[in-house]
Amino acid sequence: MDIQVAVLCDYAADYQGKLCVQGAFDTLFARQFPVVHPACALALRMCLTPEDAGEHKLGIAIVDEDGTPLDKERMPIVGDLKVALPEGATFLTRNLIMNFQGLRFEKSGNYSVDVTLDGELMARTPLRLVLVQQPAQPQA
């Protein structure tokens, strides 16, 4: 399996096999921590070949720079991925969109969205959380 696209974005959709991505980003700014990001999506485009045929486990986890999952109870998110190509096909592409709501980040720093297949890391999308200082208010 080759992951051709792995990006965080504001919104993604699969439109007749076309991956539509809006608002791709790699940095979020916050005035304080913890902070909750209301909604975003992970957009994946995978290219599969006959060698990929069969049953697989696809995992997705958002982790901090130490590898600790953002939500230890719910991550990694693991699902079954059954791959079957039409006879004679040399490749097949599929789009996968994972929507996230209410992601809570406890601290600033570097994070990543890790995509695994059967426990093997296939893609790592970086995400940076930055603390923004508010400018001092002029005193009257």
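This is a short talk on the fold, the side-chain pairs and the cysteines of one protein chain.

Please keep in mind that the model is predicted. I will start with the overall layout. The protein chain has nine strands and zero helices. Read from the N terminus, then, the elements go β-β-β-β-β-β-β-β-β. Along its principal axes, the C-alpha trace spans about 75 × 30 × 20 Å. There are 140 residues in the chain, and 35% of them are buried. Now take the contacts between residues with a separation of 6 or more: 71% of these come from residues 24 or more positions apart.

Next, the strands. In general, strands of a sheet pair through backbone hydrogen bonds, and the pairing is either parallel or antiparallel. Here we have an open sheet of five strands with mixed pairing, in the order β3-β9-β8-β5-β6. Which strands sit at the edges? They are β3, residues 27-30, and β6, residues 77-83, and each of them pairs on one side only. On average, neighbouring strands of this sheet are turned by 20° against each other, if direction is ignored.

Inside that order, β8 and β5 pair in the antiparallel sense, over seven bridges. To find the pairing on your screen, look for Gly59, which stands opposite Thr116 in β8.

Now the charged side chains. How many salt bridges does a search of the whole structure find? The count is five, and I will go through some of them.

One joins Lys107 and Asp64, at 3.7 Å from N to O. This pair links distant parts of the chain, as the partners are 43 residues apart. Lys107 lies in the loop between β7 (92-105) and β8 (109-117), while Asp64 belongs to strand β5, residues 54-64. Is Asp64 buried or exposed? Its relative accessibility is 12%, so Asp64 counts as buried. Lys107 has a value of 40% and therefore counts as partly exposed.

Another salt bridge is between Arg74 and Asp71, with the closest N and O atoms 3.4 Å apart. Arg74 counts as exposed because its relative accessibility is 63%. Asp71 has a relative accessible area of 23%, so Asp71 is partly exposed.

Then there is Arg104 with Glu106, where the closest N and O atoms are 2.5 Å apart. With a relative accessible area of 42%, Arg104 is partly exposed.

On to the aromatic rings. The structure holds one aromatic pair, formed by Phe105 and Tyr111. The arrangement is edge-to-face, with 80° between the planes and 5.0 Å from centre to centre. Both Phe105 and Tyr111 are buried.

Last, the cysteines. A search of the whole structure finds zero disulfides. Why is Cys9 not in a disulfide with Cys40? The sulfur of Cys40 is the nearest cysteine sulfur to that of Cys9, and the distance is 7.8 Å. A disulfide needs the two sulfur atoms within 2.5 Å, so this pair does not qualify. From the other side, Cys40 is likewise in no disulfide, and its nearest cysteine sulfur is that of Cys9. Cys9 counts as buried because its relative accessibility is 0%. The relative accessible area of Cys40 is 5%, so Cys40 is buried too.

To recap: nine strands and zero helices, five salt bridges, one aromatic pair and zero disulfides.

Technical notes:
Residues are numbered from 1 along each chain as its sequence is written. This is a predicted model: local features need pLDDT of at least 70, side-chain atom pairs count only at pLDDT 80 or more; totals for chains, interfaces and linings use all residues. Side-chain values use heavy atoms; hydrogens and water are left out. A salt bridge is a side-chain nitrogen of Lys or Arg within 4 Å of a carboxyl oxygen of Asp or Glu. Helices (H or I, at least four residues) and strands (E, at least two) are DSSP runs, numbered from the N terminus. Buried means under 20% relative accessible area, exposed over 50%, partly exposed in between (1.4 Å probe, protein chains only). Rings of Phe, Tyr and Trp (its six-membered ring) pair if their centres lie within 6.5 Å; planes under 30 degrees apart count as stacked, over 60 as edge-to-face and the rest as tilted. Two strands pair if DSSP finds at least two bridges between them. Axes are lines fitted to C-alpha atoms, for helices over the stretch in contact, and angles run from 0 to 180 degrees between N-to-C directions. Contact means heavy atoms within 4.5 Å.
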